[in-house]
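Here is a short report on one protein chain. Keep the structure in view while reading.

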Amino acid sequence: MQVFEITSNSTTVIRNQFAQSGIVNYIRLTNAHTSGSVTIDLFLEDSSGNTYVVAKTEIPFNATLLLDEHLSFSTGEFSLKLTTTSGTYGANNGLTVIVG
């Protein structure tokens with residue numbers, strides 16, 4: 001299991017190409033903010049920079065998005081990345097991403 005605490009608009013590498021297993025059973029994204037939503041883009045990226053969207057959505061404040069179906073992929077071909085935008089962040093109210 002991996003845990004990522006995201007507290008700014010950024011791109012986070014969830015699984016590196018060639019470096020980690022592409023077996024992903026679930027991804028749980030929790031927006032801990034008390035009043036602001038966050039927009040996420042979860043995507044696969046190949047070595048040429050081509051991207052393939054897995055999920056693109058807005059997560060409301062105090063809500064969780066669970067992705068738990070058909071998430072595994074080949075790390076020989078892709079990296080799994082998450083970009084956050086339109087978020088309101090602060091101490092203890094960012095986006096928590098748990099990958100299992």
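The report moves from the whole chain to its sheets, then to the core and one aromatic pair.

## Overall build

This is a predicted model. The chain has 8 strands and 0 helices. Read from the N terminus, its elements run β-β-β-β-β-β-β-β. Along the principal axes, the C-alpha atoms fill a box of roughly 40 × 25 × 20 Å. The radius of gyration is 13 Å, which agrees with the value near 13 Å for a compact globule of 100 residues. Buried residues account for 42% of the 100 residues. Of the contacts between residues at least 6 apart in sequence, 78% join residues at least 24 apart.

## The sheet with β1 and β6 at its edges

One open sheet has 4 strands in the order β1-β8-β3-β6, with antiparallel pairing. Its edge strands are β1, residues 2-6, and β6, residues 63-67. Each of these edge strands pairs on one side only. From one strand to the next, the twist averages 15°.

Strand β3 spans residues 27-31 and is joined to β6 by 5 bridges. The two strands run antiparallel. Within this pairing, Ile-27 has Leu-67 of β6 as its bridge partner. Ile-27 also appears in the core described below, among the residues with the most contacts inside it.

## The sheet with β2 and β5 at its edges

A further open sheet holds 4 strands in the order β2-β7-β4-β5, and its pairing is antiparallel. Here the edge strands are β2, residues 11-15, and β5. Each pairs on one side only. The twist averages 20° from one strand to the next.

Strands of a sheet pair through backbone hydrogen bonds, either parallel or antiparallel. The table lists antiparallel pairings by their bridges.

| Strand pair | Bridges |
|---|---|
| β2 and β7 | 4 bridges |
| β4 and β7 (residues 79-85) | 7 bridges |
| β4 and β5 (residues 51-59) | 8 bridges |

Which residue of β7 is the bridge partner of Val-13? The partner is Lys-81.

Strand β4 covers residues 38-45 and is mostly covered, with 7 of its 8 residues buried. Thr-39 has a counterpart on each neighbouring strand. In β5, Thr-39 stands opposite Glu-58. In β7, Thr-39 stands opposite Thr-85. Further along the pairing with β5, Asp-41 stands opposite Lys-56.

β4 and β5 also form a hairpin, with 5 residues between them. In the turn, Gly-49 has a positive phi of about 90°.

## The nonpolar core

In soluble globular proteins, nonpolar side chains tend to be buried together. In this chain the largest nonpolar core has 22 residues. Those with the most contacts inside it are Ile-27, Leu-29, Leu-42, Leu-80, Leu-82, Leu-95 and Val-97. At least two core residues come from each of β1, β3, β4, β5, β6, β7 and β8, the last being residues 95-99. The largest share, 4 residues, comes from β4.

Leu-80 gives a view into this core. Leaving aside residues up to four places away in sequence, Leu-80 touches Thr-12, Val-13, Ile-14, Arg-15, Val-24, Ile-27, Leu-42, Phe-43, Leu-44 and Phe-73. Two of these, Ile-27 and Leu-42, are listed with Leu-80 among the core residues with the most contacts.

## The aromatic pair

How many aromatic pairs does the structure hold? There is 1 aromatic pair. Tyr-52 and Phe-78 form this pair, and the geometry is edge-to-face. The ring centres lie 5.6 Å apart, with 80° between the planes. The pair links distant parts of the chain, 26 residues apart. Tyr-52 sits in strand β5, whereas Phe-78 lies in the loop between β6 and β7.

Are the two partners buried or partly exposed? Tyr-52 has a relative accessible area of 40%, so this residue counts as partly exposed. Phe-78 has a relative accessible area of 17%, which is under the 20% cut-off, so Phe-78 counts as buried.

Note on methods. Residues numbered from 1 in each chain as written. Predicted model: local features only at pLDDT ≥ 70, side-chain atom pairs only at ≥ 80, totals over all residues. Heavy atoms only, no water. Pairing = 2+ DSSP bridges. Axes fitted to C-alpha atoms, helices over the stretch in contact; angles between N-to-C directions. Buried < 20%, exposed > 50% of the residue type's maximum accessible area, 1.4 Å probe, protein only. Phe/Tyr/Trp six-rings, centres within 6.5 Å; stacked < 30°, edge-to-face > 60°. Core = buried A, V, L, I, M, F, W, Y, C linked by side-chain atoms within 4.5 Å. Contact = heavy atoms within 4.5 Å. Rg over C-alpha atoms; globule rule 2.2 N^0.38 Å.
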